[in-house]
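Reader: I am new to reading protein models, and I would like to go through this one by asking about its charged pairs and about the place where its chains meet. Could we begin with a single pair and then move outwards?

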Amino acid sequence: MAVTQLIGARVQRREDPRLITGHGQFIEDHTLPGLTHLAVVRSPHPHARILGIDGAAARALPGVLAVLTAADFHKVLSGSMPVTPAFAPEKKYVPERFPIADHEVCFQGEPVAVVVATDRYLAADAADLVQVTYETLPAVVDPERAMSAGSALVHSDGPDNIGWDMTYAGGDIEAAFSRAEVVVKERILQQRLAPTAMETRGVMASYSPYGEQLSLWLSSQNPHFIRLFVSGAMGIPESRVRVVSPDVGGGFGSKISPYPEDYLVPAASKILGRPVRWIETRTESVMTTIHGRGQVFTAEAAALRDGTLLGLRLTQVLDLGAYHGTFGAFQACACLMSGGVYRWEAISARTVGVLTNKVPTDPYRGAGRPEGTHLCERMVDRMADELGMDPADLRRKNFAREFPFVNNFGLTYDSGNYDGTLDRALELSDYQGWRQRQAGAREAGRLVGIGLSTWVEICGFGPSAATAGATGGIALVESAQIRFLPSGSVAAYVGTHAHGQGHDTTFSQLVAETLGVPLEAVDLRHGDTAEGPAFGYGTYGSRSLSVGGMALYTASQEILAKARRLAAHLLEASPEDLEFTAGAFTVRGNPQARKTIQEVALASYGGGLPEGMEQGLEAVSHFDPPNFVWPFGAHVCVVEVDSETGAVEILSYTGVDDCGNVINPMIVEGQVQGGIAQSIAQALFEEVVYDEESGQLLTGTMLDYLVPTMNELPTPKLDRTVTPSPTNALGVKGIGEAGTIAASAAVINAVCDALRPLGIHHVDMPASPDRLWRLMQEAGR
Amino acid sequence: MIPAAFQYSKAGSVKEAVAQLREAGPEAKVIAGGQSLIPLLRLRLSQPSHLVDVNGVRELDYIHPEGDLLRVGAMTRHTTMARSELVQRHLPLLAEMAAQVGDPQIRARGTLGGVIAHADAAGDYPTLAVMLDATIVTDRRRVAARDFFQHLFTTVLAEDELVCEVVFPVAPGPHRYLKFRRRLYDWAIVGAAVQKLDSGWRVGLTHVGPSAVRAAAVEARLQAGATFQEAAAAAADGLEPPSDVRASADYRRHLARVLTRRALEQAA
């Protein structure tokens, strides 16, 4: 790599001046001449048969252009919304899903009709006037109840509610448990979470019959996949569909999969011959945007008295909601990652996907890895508790230390140094000091606890061999195109997309350094299927740098190779005699003979090129990673629980992570800090609650769905170690989900540690004051 | 925000506001700071036919000490009360409460009269008004606070009646208001206010029932010489608090006792 100072530099985010001065361009900032507005009529019931829909009163309102139902949409849309194999390829029951309910609604919020009007207020008024007659049907919202015999059916024509039921066997579990000297068991809940991106979803579509062109603007983490799905459903050639995803105000996984509105809005535009826009309200967002987590684990771990871990047996009951999320089975990766950073003789993990009358679940920041980590780290702490060992010592005793490390399910961890991050985290957090202070606090009757989380994740999706099957045919490689323009400015097109990650900055740093041009010369472009390579694979699963960044890197190398040949031609030297430093080719031993790469770029558009060389200086590259990447780290949380109110105060939070080489440390810190915040939110605050009997959503506003603010969150102490990944030339891993994967276990382990003197060994999330007070009451009896 | 359609008019005086309300009829609503009303409009839970905006009624934005009384105009914003030297001197508990309402943006907009007229179970000022025997002054009458609040979101106000002022007793003595909440900007799950007067302690509770509660049993025990602990044990007597996703009724009763004791300890 060229030696400049950009990679590893704390470059200020280039996108921020635009975003923080209100010049970002989100879906609602886009308009078109003649724009119309769509509102969705949604089911108020978790399960009901539709007996009739009367749109007459709505149609009678001046300015209302149409009231459309499934019958209308069947004329322009076909097929069922996509479901990928992901980590549960053996599905038992996959209900068909048309974007709008036909005869039966299966969750509260499912679309029943849409209204299109000349303004948004009118559309909302008219939606209120659509009369839908329902016959309510029995509903079930609890996944364990839904999987039991005799449960109400989520779909009245379904065989049962079981989406999948399969077991991952990693070693001889019976043999491992037969040697057990100690066994601990636990039941661990992963409550449903609402992603609550700051920008809710939104779609604007314009269908033109002239040449049958469809333009679609939507807030998406992967516009190319949306183009593939929508073009298929509408029967329009993929090449005639353009999907533009401008600035995206957060996603956290909730803007990966296609949604009903992604089909209904363009279909309405085709039916009406007018551009149509729909913007999701916050209440619609909590009710109908995918939820994350929603799992119940039962687990038992076996060990020897000396702390040697033997076996882990678990069952994951995954609350699918009323339909499979497109990537819903991805969350079964909790099973594959349940062994964490430890050596186990055997792990047996059963995953059961269960349909319920609720909005579908799908990947949410971390997706399966926070759940796997939380489970593993809770079980290890339970074991330490049972053995009377310091949880740090038990962890150290069982760490994987030889890399590449192959886990029980055959996944190969590329590189790691788990002792390094743990040692640093214990030092930075003053672990021993806190243990002493904890002893003093306990004597004074105060409930102080210290929790650890030593985590590893699988990310950088992913190698074509592993992912082509998991998506149902499209491997998750990544593409990039880099093009020098004659003036020397560089357009870099990537198939990833940013929704807060700062790719404008980091990817430009990477390109500028690799090509030896000033940062200002690089223009990073993404989010528009009409630009760049044929297909981009999107941003999720902490993949953008290790896959997309590598595609940029390999495209840069192709450009450098061509530029070298052209520079040699211009300097009348042989390519092997050129050196490339600081953005210029010089002839070895003759520094006067020099061409900057920008001069070479200009020359590439001129005449007199070498024999056989085409004009221009550009390259398209696809990067197919040889393996996933495996970031890791160690987090330490210290809490105090108010023994009277159950309120949890975080006294100290420390995270030491390792994501390999780093392009921009400031952005890495921001990602870790945000991830920790989101995971503390799960540990202590957030929970989507449905009424068990009525199936009604009880947390439909931000008043009841408790997203914490900066006032409730600690400023974590952060540090890093650097263990480069051997699987890519940049030595990078991923960091977007790390904090979310690590923190919930550290917080809950700390809460459990605080409550241990009361005989409390486990606490579910969110560890709300009310819940802790009840546990303390029960323990005191 | 996509509220249902409504008419809108701006009033410049109490007289104008009342006239506009009368003309607009029974489905009209007053909008002051809008910090409670706007979310209800947004969710279409409230669909008034007409909003009378009283933000221009400057005559109701004042803080007047008058002998043993502190008169505060209905359009006085939370921030104004929190920062007011007069309030801090004559009724510091009001300043303390005002400083704990919502976030800075809410405090800059929300008003004393708005909170009183809205009568949310989690509103803070009704607790103060009830425990201190304040008087609510409207455009046409004076009502004792204990008679003013009838139920959740329900007061004695007529459809065209406007809250103009709250008259509090001056009380510079020991005091404390503790709000238990999950997030700094949230409503109280439970709140406990205590104020020492020459005649003894006054104790009020927020969000433990449909309306603000004066904890008379606690006051009586204190009067009889009970310790704070003993007195606070009576804080939940007779309460029927709500159960919701935030907290169970039992937990709210427990909080009422804990917060009352802590408030007394911290005030003393």
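Reader: Is A:D523 buried, partly exposed or exposed?

Author: Please keep in mind that this is a predicted model. A residue counts as buried under 20% relative accessible area and as exposed over 50%. The value for A:D523 is 36%, so this residue falls between the two limits and is partly exposed.

Reader: With which residue does the side chain of A:D523 meet in a salt bridge?

Author: The rule for a salt bridge asks for a side-chain nitrogen of Lys or Arg within 4 Å of a carboxyl oxygen of Asp or Glu. The pair in question has its N and O atoms at 3.4 Å, and the partner of A:D523, with a relative accessibility of 34%, is likewise listed as partly exposed. That partner is A:R525.

Reader: How many residues apart in sequence are A:R18 and A:D504, which form a salt bridge?

Author: The closest N and O atoms of A:R18 and A:D504 are 3.6 Å apart. A:R18 lies in helix α1 of chain A, while A:D504 lies in helix α16 (residues 503-515) of chain A, so the pair ties together parts whose separation in sequence is 486 residues.

Reader: Which other residue forms a salt bridge with A:R18, with the closest N and O atoms 2.5 Å apart?

Author: The partner sits in the loop between β11 (241-244) and α8 (260-272) of chain A, 229 residues from A:R18 in sequence. This partner has a relative accessible area of 17%, so it counts as buried, whereas A:R18, at 30%, counts as partly exposed. The residue is A:D247.

Reader: Which residue of chain A meets B:R261 in a salt bridge?

Author: Across the interface of chain A and chain B the rule finds five salt bridges. In the one that involves B:R261, the N to O distance is 2.5 Å. The residue on the side of chain A is A:E644.

Reader: Which helix gives the most to the side of chain A that touches chain B?

Author: Four helices, α4 (120-129), α9 (282-288), α19 (665-685) and α21 (769-780) of chain A, each supply at least two residues to that side. The one that gives the most supplies five residues, and it is α4(A).

Reader: How much area is buried between chain A and chain B?

Author: The size of an interface is often given as the accessible area lost when the parts come together. Here 31 residues of chain A are in contact with 25 residues of chain B. Carbon and sulfur atoms give 55% of the area buried between the two chains, which is about 2,400 Å².

Note on methods
Residues are numbered from 1 along each chain as its sequence is written. Chains are lettered from A and ligands numbered from 1 in the order in which they are written. This is a predicted model: local features need pLDDT of at least 70, side-chain atom pairs count only at pLDDT 80 or more; totals for chains, interfaces and linings use all residues. Side-chain values use heavy atoms; hydrogens and water are left out. Contact means heavy atoms within 4.5 Å. Buried area is the accessible area (1.4 Å probe) that two parts lose on being put together, summed over both. Buried means under 20% relative accessible area, exposed over 50%, partly exposed in between (1.4 Å probe, protein chains only).
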